[in-house]
Amino acid sequence: MKSKFKYLPSFSVGAFGDGLRRNVILKSKSGKEDLPIRFYSKDFPKKFRHNDFLVSAGHLLKHDPDCWNTMGFDENNFVMGDSGGYQICSGAMKWKDGITPKVFDWLQKNATVGMNLDIPPRLKYDGKFYDCLDLSSKNFKYFADNQDGQTDYMNVIQGKDEYEFKTWYDEVKQYPFQGWAIGGSGFSYYKFLSGLMVLLEGKEHLNPNTKYIHILGTSRVTYFLLLLQLQKSFEEMGLDIVVTTDSSSPDRAVVFGTYYTGFSLKRGTWEAINFPNEKNHEEIVDDFLELKNPKFPYVTEFDKMLSDYVDFTDIRQTTGTEGVYTYGMRLHNFEFFKDVLDRVETLVYGHNYLLEQSINKDINQLMKFIDEMVKSDNPRYVFEKYKSLITRMSNTNTSDNVNPDAGKFFGI
């Protein structure tokens, strides 16, 4: 069966986003139909098409006010709009009075479902939990008072542990929205499961208004296992809730020259090789141009089709991270990402006998914990029972202050 789970690629910024706006077309090398890089459009081969996408007001509020149309979305697309809270706490977008209605209007115009404008208590707002909560709650009230059904909205909870998540939840649960997003948990099982426990304890999964539960910014293979288990548990309870997550990893990986080749369920890791480019590997670029078989390494079925549009003969067609060569890498990485999700889903929705052989024991325990917590009348009790395992598997001191440009390969 196909689950309701949705993976939302966050590719609306940078070189790929620019290419999507311009509707770049890859020309066939054998005279077949051309291939648009808009993988979500009706012109992309149906077998590989992906209708879901995430856009962010934090990046596009000023630069792309009509994002829905410039990106070429239509009634077949499910578009989630991030409000830009992370960009505010990182300093990429300035907080100022009057920004809340602008973000709300942008989401109304450009998103199927949007997130409330939360201010995460991290990065430049680290140590200001209650200030962020107070400001976020005021934003949420504006969203609640002005929603008109045109766009669904998700409440957002933030925190570093179950106590902060509970404090945040108790303040914002008063606002009626159509789902929930758990923020700041992409690098910590402890944060994600703390936020989830608080929502389950509040019976939000039993609220008939809850259509979505979104976990912001996850790329780990192990998270796919946990989120698909969450989706499966909801479905087994007869709940009409869609679990969603987003990431930009298949796109951003190309900045580092990364081409996905495999993954390990046991280790929960991605496997990849690095492609050369003219700037950093001038001495071997000519060798690649002289290959008798210039095709990219075959990893998925999609690569067979892609090889008719891009290969190593396009290696010089790159400016920064833009060009035929890197568009091909991005499409490959994205389709591989999707393929991994499909493979993981068959295991999660299959027989436990096969699943338990495929993953490590700790992740298997976390999956059982999620299932038990979702179906329990006392989620907090279940959380406490598994807490030592959760904390052992989590780096509770993980810093959000990571330099995203460290080690750039292609450069922007």
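An open sheet of eight strands, ordered β1-β10-β9-β8-β7-β6-β5-β4 with parallel pairing, is a good place to start your tour. The edge strands are β1 and β4, each of which pairs on one side only. On average, neighbouring strands of this sheet are turned by 25° against each other, direction ignored. Please keep in mind that this is a predicted model. The points below go from the sheet and its strand β5 to one residue of helix α13, and then to the empty spaces.

**Helix α8 on the sheet**

- Helix α8, which covers residues 189-201, packs on the sheet.
- The strands that α8 touches are β7 (152-157), β8 (179-182) and β9 (212-215).
- The direction of α8 makes about 155° with that of β8.

**Strand β5 and its two partners**

- Strand β5 spans residues 78-82, and five of its five residues are buried, so the strand is largely enclosed by the rest of the structure.
- If you look along β5, F78, M80 and D82 point one way, while V79 and G81 point the other way. Residues on both faces are buried.
- With strand β4 (residues 52-56), β5 runs parallel and is joined by five bridges. Within this pairing, S56 stands opposite D82 of β5.
- With strand β6 (residues 113-115), β5 again runs parallel, here with two bridges.
- Towards β6, G81 has G114 as its bridge partner, and M80 stands opposite V113.

**F334 in helix α13**

- F334 is a residue of helix α13.
- The relative accessibility of F334 is 0%, and buried means under 20%, so F334 counts as buried.
- Beyond its neighbours within four places in sequence, F334 is in contact with Y7, P9, F11, F39, H50 and P250.
- For a sense of distance, F334 and N207 lie 34 Å apart in space, C-alpha to C-alpha, and 127 residues apart in sequence.

**The second largest pocket**

- The second largest pocket holds about 480 Å³ of space.
- This pocket is lined by 22 residues, and the closest to its centre are K2, R49, H50, K338 and D342. You have met one of these already: H50 is also a contact of F334.
- Three elements give two or more residues to the lining: β1 (6-9), α12 (301-306) and α13 (324-348).
- Helix α13 gives the most to this lining, with six residues.
- By class, the lining of the second largest pocket has 12 charged, six nonpolar and four polar residues.
- The edge strand β1 of the sheet is thus also among the elements named for this lining.

**The cavity**

- One cavity of 30 Å³ or more is present in the structure.
- The space in the largest cavity comes to about 30 Å³.
- Y259, F296, D303, L306, S307 and V310 form the lining of the largest cavity.
- Sorted by class, the lining of the largest cavity has four nonpolar residues, one polar and one charged.
- Two residues of this lining, D303 and L306, fall in the range of α12 (301-306), an element that also contributes to the second largest pocket.

Technical notes:
Residues numbered from 1 in each chain as written. Predicted model: local features only at pLDDT ≥ 70, side-chain atom pairs only at ≥ 80, totals over all residues. Heavy atoms only, no water. 1 Å grid on protein atoms, 1.4 Å probe; cavity = no way out; pocket = protein on both sides within 12 Å on 5 of 7 lines; lining within 4 Å. Points joined across faces, edges and corners; volume = space filled by probe spheres on them. Helix = DSSP H or I, 4+ residues; strand = E, 2+ residues; numbered from the N terminus. Nonpolar A, V, L, I, M, F, W, Y, C, P; charged D, E, K, R; others polar. Buried < 20%, exposed > 50% of the residue type's maximum accessible area, 1.4 Å probe, protein only. Pairing = 2+ DSSP bridges. Axes fitted to C-alpha atoms, helices over the stretch in contact; angles between N-to-C directions. Contact = heavy atoms within 4.5 Å.
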